[in-house]
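Student: Please take a close look at how the nonpolar core is packed, and go on from there to the parts around it. I would like one connected answer.

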Amino acid sequence: NIARFIDSFYQNARAGDILNSLEFWFYIDDDDKLSIPELIYQKKEYEGLVNINWIVGPRTAISDMYNRLYEHLSRPDLVLISGDDCICRTEGWDIEVENAFKQYEDRIVLVGGKDLLNESLFTTFVLSKEYIDIFGKVMPEGFWDYSDTWHWHTFSMINRIHKINIVIEHMHVSNNKAPMDDTMREKNLRCYGGPIGSHIKFDQERHIREQIAERLLLKINDSKVKSEHN
């Protein structure tokens, strides 16, 4: 998955300066004995072309994992959130992403394409630093699932969801593109088991998303006023 993921995004990138600014960060569970040797190999293969890095830690909620990774980004301008079970299928995906954000001066928008899995939200998506600074983190805390739904719901409140014509195929168990394994079984158990599953936590935190949406609208309106004055 790691090699396929990196190759697909690198080979399909087309902007002249993005090849040296692509930055891949992976979170590796501390009981994973296979991924680090592969990452060491990929890092050597892509030396001088893209930055490939990783951190190792205990198994943790997926959203918290992304927050830890975000802290390590050297240039957190536009951040693509994805699992390693995705494949970029569109040449020039990077140009499409940049062009989408250029349409919003404040850059407060959720950008994504097709994943050939779910038409009702983005399971792979791009966020701007401007949005992340307002939110205070890249993902809501403590979610084993539903963090993509979290962002979709928040941005739908302010009518700032932008679909672009790219395909980042999600090779997921639920559409028979990958086998069920112990990691997925444990993730599902953690997500839906226990006293507060991710779906319950998502419903309980609606008021938080509403508060964030209000802050985003204030920033958007403030940017409009400044733009009009200029």
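Tutor: What follows begins with the core and then moves outward to a helix pair and some single residues.

The model is predicted, and local features need pLDDT of at least 70, side-chain atom pairs count only at pLDDT 80 or more, and totals for chains, interfaces and linings use all residues. Numbering starts from 1 along each chain as its sequence is written, and side-chain values use heavy atoms, with hydrogens and water left out.

A nonpolar core is a set of buried Ala, Val, Leu, Ile, Met, Phe, Trp, Tyr and Cys residues joined through side-chain atoms within 4.5 Å. Buried means under 20% relative accessible area, exposed over 50%, and partly exposed in between, using a 1.4 Å probe and protein chains only. The largest nonpolar core has 32 residues, and Ile-81, Leu-127 and Val-138 touch the most other members. Helices (H or I, at least four residues) and strands (E, at least two) are DSSP runs, numbered from the N terminus. Two or more residues of this core come from each of strand S1 (23-29), helix H3 (62-70), strand S3 (78-81), strand S6 (125-128), helix H5 (129-135), helix H6 (147-157) and H9. Apart from this core lies another of 27 residues, among them Ile-2, Ala-13, Tyr-46 and Val-126. In soluble globular proteins, nonpolar side chains tend to be buried together.

Contact means heavy atoms within 4.5 Å. Leaving out residues up to four places away in sequence, Ile-81 touches Tyr-66, Thr-123, Thr-124, Phe-125, Leu-127, Val-138 and Met-139. Tyr-66 is also one of the buried residues of H3, together with Ser-63, Met-65, Asn-67, Leu-69 and Tyr-70. These buried residues pack against S1, strand S2 (51-57), S3, H5 and H6.

Next come two helices. Helix H1 (residues 2-11) and helix H2 (residues 35-45) have axes 10 Å apart and pack at an angle of about 30°. Axes are lines fitted to C-alpha atoms, for helices over the stretch in contact, and angles run from 0 to 180 degrees between N-to-C directions. Angles under 35 degrees count as roughly parallel, over 145 as roughly antiparallel, 65 to 115 as roughly perpendicular and the rest as oblique. H1 and H2 are therefore roughly parallel to each other. Ile-2, Ala-3, Ile-6 and Asp-7 in H1 meet Ser-35, Glu-38, Leu-39 and Gln-42 in H2.

Asp-106 sits in the loop between helix H4 (93-102) and strand S5 (110-114). Asp-106 counts as buried because its relative accessibility is 10%. Its side chain makes a polar contact with the side chain of Arg-160 at 2.9 Å and reaches the backbone nitrogen of Ile-108 at 2.9 Å. A polar contact is a pair of N or O atoms within 3.5 Å; within protein, one must be able to donate a hydrogen and the other to accept it, and residues adjacent in sequence count only if both atoms are side-chain atoms. Beyond neighbours within four places in sequence, Asp-106 is in contact with Glu-130, Arg-160, Ile-220 and Ser-223.

Two loop residues remain. Most residues other than glycine have a negative phi. Leu-116, in the loop between S5 and S6, has a positive phi near 60° and is partly exposed at 44% relative accessibility. Asn-159, in the loop between H6 and strand S7 (161-170), has a positive phi of about 55° and is exposed, with a relative accessible area of 68%.
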